[in-house]
Amino acid sequence: MTSKKTVKGESSKIIYENATKTITGGVSRNTIYRKPYPFYVESAKGSYVTDIDGTVRTDFANNMASLIHGHAHPEIVSAVTEQIQKGTAYTMGTEAEVRHAELLVSRSPNFEKIRFMNSGTEAVMTMIKASRAYTGKPMIAKAEGAYHGTYDYAEISQTASPDKWGDIDRPNKVPVVQGTPQGAMNDVIIFPYNDIARTIRLLDENADKIACVILDLVSHRVGLFPANEEYVKAVYNWTRKNNTLFVLDEVVTFRVNYGGAQHDYPVVPDLTALGKIIGGGFPIGAVTGKSEIMEVLDPTKKVLRHPHSGTFSANPVSMTAGRVAMELYDDKAVKDLNALTMTARKQIEEVIKLADVPVTLTGAGSMFRFHFRENAPTTYRETYQNAQERELITEFLDYLFCKEDLIMINTLACMFATSMVQKDVDKLTDGVFNAFKLLKPKFDNL
Ligand SMILES: Cc1ncc(COP(=O)(O)O)c(C=O)c1O
């Protein structure tokens with residue numbers, strides 16, 4: 001379908017009606033669903049996405065934080081085009097994999113060896129299974145509210161709500177999917193993020209059974225605020241004393257620094273899961289870390305403790321796109337992008353004051369998140385959006401999407417890309433200012 005300027009959403013409505021006839025709920029990915037129907041894309045370039053009715057929007061979601069250079073970066077397009085003409089996947093290796101591996105491990109001394117897979121979910125799953133294989137222990141510990149993809153164990157309590165989350169001293173294990181086996185829940189410990197005393201007490205209770213403690217240093221769903229250094233050190237030291245692996249989910253946060261968010265903390269993770277931006281716009285996941293631990297995945301060893309494959313793992317398209325994207329995202333690019341994002345945060349904080357609305361921002365590096373509350377949250381339970389807040393958030397996002405032509409993640413997060421310039425920041429600032437003014441009576445009633 002060619003791009004034409006028609007009534008906003010008109011063509012998308014028709015496509016969605018067709019979609020529901022064959023695709024359950026009309027979408028294969030709930031993230032893109034919006035009421036009353038999702039919008040469909042015609043094309044995208046840099047920071048701008050054109051839908052099939054010809055409306056151009058500035059994109060601050062960047063496919064859920066995965067497009068660090070925005071859409072269709074010319075150097076990535078050119079490298080991928082050259083690769084796909086030579087084939088897209090083989091039952092043999094490619095040098096593209098080796099080149100991407102070399103580049104990634106060169107970015108942090110903590111990345112001694114690496115393995116690729118196809119998604120962040122798979123990376124976290126492999127990291128957890130490798131931890132079990134290495135330690136011989138069955139349990140994992142994770143933070144309440146933290147999103148680590150959809151592996152059974154990793155997703156427990158990801159969406160815990162007040163009616164289910166229980167006492168903060170011992171948060172309940174809340175399944176996301178109906179039918180999650182009790183056995184999976186039994187092997188997970190849920191701790192409150194950034195709460196040293198409670199976390200350590202909960203870990204102590206199961207010290208001899210925990211294979212790994214998994215942390216995201218700036219967990220999006222917990223609230224997108226950086227973990228306290230003291231907290232991270234306490235958890236890290238606990239793992240050192242208890243023969244437990246300290247593993248990081250940097251699927252989102254790798255963008256924060258040249259060597260990932262971990263660069264800012266005095267810890268050496270045993271393993272790190274990567275994904276999103278390292279695929280240059282194509283599906284990817286990776287596990288990286290200490291050679292001695294990564295060895296559980298090594299097929300040349302006499303005893304292979306964790307066999308690992310994957311039909312499309314390390315396919316040359318993701319490897320090529322990812323390598324070019326990461327070459328472009330060098331130390332200077334990281335710093336420039338973080339600086340532009342900080343400018344945006346400052347501008348938005350100004351308009352929050354001007355509009356006099358109870359809104360705060362949290363974030364790190366090239367990402368931030370709005371919270372419709374007076375003070376920045378410091379825990380998942382404070383971040384939790386109740387029904388009234390959710391209603392206002394939906395109105396706010398709908399207004400931005402339909403009237404200001406701005407795309408944001410539905411948690412109210414913005415993920416910047418190197419394609420962005422000051423003009424885009426100003427558009428975002430003006431758009432949210434207009435939304436605050438329009439919805440002020442509703443903000444005042446929160
Ligand atoms: C922190 C974190 N870990 C893991 C994942 C899973 O990644 P994927 O969607 O590629 O499976 C996500 C996805 O949003 C994430 O935000």
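Start by selecting strand E12, which gives the most to the lining of the largest cavity, with 3 residues. Keep in mind on this tour that the model is predicted.

**Stop 1: the cavity**

With E12 (367-371) highlighted, add helix H13 (380-383) and helix H14 (387-403): these are the elements that each give two or more residues to the lining of the largest cavity. How many cavities of 30 Å³ or more does a search of the whole structure find? The search finds 1, and the volume of the largest cavity is about 50 Å³. To see its walls, select Arg369, Phe370, His371, Phe372, Arg373, Glu382, Thr383, Gln385, Glu389, Ile393 and Leu412. Colour that lining by class and you will get 4 nonpolar, 3 polar and 4 charged residues. If you wonder how such a space is found, rolling a probe the size of a water molecule over the atoms shows where empty space is left.

**Stop 2: the loop after H14**

Now follow the chain from H14 into the loop that leads to E13, and pick out Asp405 there. What is the phi of Asp405? Its value is positive, about 55°, although Asp405 is not a glycine.

**Stop 3: an open sheet**

Move on to E13 and show its sheet: 4 strands in the order E1-E2-E3-E13, open, with mixed pairing. Which strands are at the edges? Strand E1 (41-45) and strand E13 (406-407) are, each pairing on one side only. Then zoom in on strand E2 (residues 48-51) and strand E3 (residues 56-59), which pair in the antiparallel sense over 3 bridges. For a single pair to click on, try Val49, whose bridge partner in E3 is Arg57.

From E1, step back into the loop that joins helix H1 (10-22) to E1, where Pro36 lies. Here the peptide bond from Lys35 to Pro36 is cis, with omega near 0°.

**Stop 4: the ligand**

Next, select the ligand and bring up the residues that surround it: Ser119, Gly120, Thr121, Tyr147, His148, Gly149, Asp216, Asp249, Val251, Val252 and Lys276. By class, this shell has 3 nonpolar, 5 polar and 3 charged residues.

Three distances are good to display here:

- From an oxygen atom of the ligand to a polar backbone atom of Thr121: 2.8 Å.
- From a nitrogen atom of the ligand to an N or O atom in the side chain of Asp249: 2.7 Å.
- From an oxygen atom of the ligand to an N or O atom in the side chain of Lys276: 2.7 Å.

How much of the ligand's accessible area does the protein cover? On its own the ligand has 390 Å² of accessible area, and the protein covers 80% of that.

**Stop 5: the second largest pocket**

For the last stop, turn to the second largest pocket, with a volume of about 360 Å³. Of the 17 residues that line this pocket, select Glu112, Lys113, Ile114, Arg115 and Met294, the closest to its centre. Then show helix H4 (95-105), strand E4 (113-117) and helix H10 (291-294), the elements that each give two or more residues to the pocket lining. Which of them provides the largest share? That is H4, with 5 residues. Coloured by class, the lining of this pocket has 8 nonpolar, 1 polar and 8 charged residues.

Terms used. Residues are numbered from 1 along each chain as its sequence is written. This is a predicted model: local features need pLDDT of at least 70, side-chain atom pairs count only at pLDDT 80 or more; totals for chains, interfaces and linings use all residues. Side-chain values use heavy atoms; hydrogens and water are left out. A residue is near a molecule or strand if one of its heavy atoms lies within 4 Å of it. A polar contact is a pair of N or O atoms within 3.5 Å; within protein, one must be able to donate a hydrogen and the other to accept it, and residues adjacent in sequence count only if both atoms are side-chain atoms. Accessible areas come from the Shrake-Rupley method with a 1.4 Å probe; for residues, only the protein chains shown count as cover. Ala, Val, Leu, Ile, Met, Phe, Trp, Tyr, Cys and Pro count as nonpolar, Asp, Glu, Lys and Arg as charged, and the others, Gly among them, as polar. On a 1 Å grid over the protein atoms alone, a cavity is a set of points where a 1.4 Å probe fits but cannot get out, and a pocket is an open set with protein on both sides within 12 Å along at least five of seven lines; lining residues have an atom within 4 Å of a point. Grid points are joined across faces, edges and corners, and a volume is the space filled by probe spheres set on the points. Two strands pair if DSSP finds at least two bridges between them.
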